[in-house]
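Student: I have just opened this structure and would like to understand the words people use for it. Could you go through a few of them with me?

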Amino acid sequence: MTVDIAVEANDLVKHFGETVAVDGVSFAIPRGTVLSMLGPNGAGKTTTLRMLTTLSVPTSGTGTVAGHDIISDPDGVRRSMGLTGQAATVDELLTGRENIRLIGRLYGIPRNRIGPLADDLLDRFSLSEAADRIAKTYSGGMRRRLDLAVSLVASPPVLFLDEPTTGLDPRSRVELWDVLRELVRGGTTLLLTTQYLEEADTLADEIVVIDRGRVIAAGTPTELKDQAGRASVVLTLSDVAELDRAAGLLRSCVSEVHVEESQRRLVAPADGLDDMTRIAGLLQEHHIEVDDLGLKRPSLDDVFLHLTGHRAEEEQVPDDTGEGSSTPPHHSEAGSTVREEALR
Amino acid sequence: MTAAVQPGPQSRPRPSALTGFELERRGLFQQSLTVVWRNLLHIRRMPEMLMDVTIQPVMFVLLFAYVFGGSIAVPGTNYREFLLPGIMVQTIVFSSFVVAVGLTADLEKGIVDRMRSLPIARSSVLVGRSISSLMHSSIGIVVMAVTGLLIGWRIRDGVLDAALAFLLLLVFGFSMIWLGILVGSMMRSVEAVQGFMFTVMFPLTFVANTFAPTQSMPAWLRTIAEWNPVSSLTQACRSLWGNGDPAPASAAFPLHHPEISVVVWAAIFTGVFAPLAVRAFRRRARD
């Protein structure tokens with residue numbers, strides 16, 4: 001059986017004048033799964049999303065959404081997808097209900113169906129109480145939920161979300177994740193961009209890491225973490241004075257040990273439980289007291305650092321508009337040299 | 001990772017809005033009307049948006065009629081009667097301003113993108129914006145007419161002539177809307193639009209016969225003023241409403257045939273600005 005592909009990007013390229021915002025991005029999303037585009041601000045995530053949602057015409061390359069070509073059949077694409085943009089693009093002067101009504105009518109949903117549909121959507125997104133208040137009075141989380149509700153007016157099989165939780169407090173973020181999981185359970189295919197590693201880790205079946213307009217890695221969250229190297233054992237000692245002795249003991253059975261004195265911590269590469277029990281036994285034998293002992297897999301943050309040489313979340317400059325993301329952020333000296341070479 | 005992120009069973013029914021009924025086939029006009037509905041809701045929610053066609057022009061009328069009016073001599077009528085058509089023309093010319101501000105705000109806020117991501121005629125955003133802006137400016141015309149009637153302005157010729165004058169105002173307003181779309185698509189912020197439009201609109205509406213007769217201007221300025229399309233429209237309204245004498249023999253050609261001139265100017269503006277505006281909007285919306 002061939003895999004049913006809901007969204008496909010095929011060597012998408014976008015130039016803005018001299019700037020190369022997207023430099024050959026390809027991926028495919030099987031139906032009913034979640035793909036997360038992960039990358040820092042200015043990596044080209046939004047631009048890729050805008051091309052797939054027919055808002056921006058690719059300089060070259062192509063793509064399909066629910067089988068419709070983004071170049072030759074943009075209307076087919078628009079009929080099959082919902083889009084939740086970076087800034088929640090609800091109409092501030094309209095009430096929640098009117099926002100749904102506006103988009104619903106534009107889709108051509110019959111007038112007499114819109115009322116019940118709006119009630120249903122508002123209820124699903126816990127907005128019933130605020131339904132008749134103008135969206136200006138909504139909190140950030142409510143706006144996002146309304147934005148999402150509006151995107152779902154025509155029950156699109158594919159949903160694009162551009163940094164859906166940027167600027168939300170942790171609680172609203174978790175709530176939104178629940179809503180998204182619910183949608184996926186219902187069969188919706190999701191493509192979401194994020195600069196939060198945790199978000200990609202929790203939601204995505206597959207992650208595409210994008211940096212400076214290119215895909216630099218792709219795989220399941222677990223595969224990506226494996227790429228970043230082995231797991232490690234992390235020990236926190238009770239007594240800082242014992243650090244050196246403990247480090248010496250560990251060196252006898254593992255290849256390398258990192259000492260983090262300020263944290264009273266030792267970090268050593270380990271393959272699994274065997275290594276861990278061996279280390280635990282050794283310490284017990286020599287009466288070294290341990291506050292905490294654990295096996296740590298590399299986080300996506302480690303993955304990102306490993307792949308790009310810089311952290312994903314180091315730049316917290318708000319990305320104000322779609323166009324904003326086309327400007328490359330200020331990378332390290334070495335980074336900008338690479339970029340300039342790529343431009344030549 | 002939790003089990004929840006695994007792809008769910010496809011068989012489970014999605015709470016679908018579309019099951020059980022067909023989407024209506026709606027054309028450009030109906031989609032535009034939905035956009036108009038939305039734009040009018042904006043006015044209802046923020047009535048101060050109407051200040052530019054209500055309080056502001058009323059203030060202008062009062063200022064000009066009572067402060068400057070006494071020192072401006074006009075041929076064949078009193079100053080208030082002379083002034084009213086001028087103010088109405090200014091109001092309708094400013095409809096381009098209304099369009100530009102509204103369009104830029106929608107572009108800035110991502111509303112246009114949202115609409116462009118829908119399976120609708122892409123021009124419905126523009127058509128809807130134009131219709132609601134014309135309605136917006138028409139409110140101004142009504143307010144001006146009422147204010148005028150209160151301070152002594154009268155329609156002194158026939159009903160048909162009077163209606164023709166209002167029609168010419170609308171036709172000219174329509175051509176000005178394209179200028180608004182052009183400016184709105186090119187500018188990056190509402191503030192930029194306001195800055196640009198004030199700089200263009202004030203000379204355009206003042207270097208004309210709107211507020212003072214052109215005869216007393218320096219010769220070079222008078223030529224500019226009399227060829228100004230705004231003067232043709234003002235002259236057309238004055239002559240159709242019977243507010244003052246026809247243009248003197250020394251006036252430039254357009255003022256002797258004001259009605260035809262208005263139609264020609266409107267056609268030229270639409271012909272020039274409409275393609276430019278659509279191109280600028282497309283370009284703005286493409287990237």
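Tutor: Gladly; we will take a few terms in turn, keeping in mind that this is a predicted model.

Student: What makes up chain B, in helices and strands?

Tutor: Chain B has twelve helices and zero strands. Its C-alpha trace spans about 85 × 35 × 30 Å along the principal axes.

Student: Why are α6(B) and α7(B) called oblique to each other?

Tutor: Helix α6 (residues 124–151) of chain B and helix α7 (residues 159–186) of chain B have axes that cross at roughly 130°. An angle over 145 degrees would count as roughly antiparallel, and 65 to 115 as roughly perpendicular. The angle here fits neither range, so the two helices are oblique. Their axes come within 10 Å, and the crossing is right-handed.

Student: Which residues meet where α6(B) and α7(B) touch?

Tutor: On the α6(B) side they include L126(B), S130(B) and I141(B), and on the α7(B) side they include L169(B), G173(B) and F174(B). By class, this contact has eight nonpolar, five polar and no charged residues.

Student: Now to chain A. How do you know that S80(A) counts as buried?

Tutor: S80(A), which lies in helix α2 of chain A, has 21 C-beta neighbours inside 10 Å. The cut-off for buried is 20 or more, so S80(A) counts as buried.

Student: And what does S80(A) touch, leaving out residues up to four places away in sequence?

Tutor: Among them are V65(A), H68(A) and P156(A).

Student: How much of chain B counts as buried?

Tutor: Of its 287 residues, 43% do.

How values were computed: Residues are numbered from 1 along each chain as its sequence is written. Chains are lettered from A and ligands numbered from 1 in the order in which they are written. This is a predicted model: local features need pLDDT of at least 70, side-chain atom pairs count only at pLDDT 80 or more; totals for chains, interfaces and linings use all residues. Axes are lines fitted to C-alpha atoms, for helices over the stretch in contact, and angles run from 0 to 180 degrees between N-to-C directions. Helices (H or I, at least four residues) and strands (E, at least two) are DSSP runs, numbered from the N terminus. Angles under 35 degrees count as roughly parallel, over 145 as roughly antiparallel, 65 to 115 as roughly perpendicular and the rest as oblique. A crossing is left-handed if the near helix is turned anticlockwise from the far one by less than a right angle, and right-handed if clockwise. Two residues are in contact if their C-beta atoms, placed from the backbone, lie within 7 Å. Ala, Val, Leu, Ile, Met, Phe, Trp, Tyr, Cys and Pro count as nonpolar, Asp, Glu, Lys and Arg as charged, and the others, Gly among them, as polar. A residue is buried if 20 or more other C-beta atoms lie within 10 Å of its own, exposed if 12 or fewer, and partly exposed in between; C-beta atoms are placed from the backbone.
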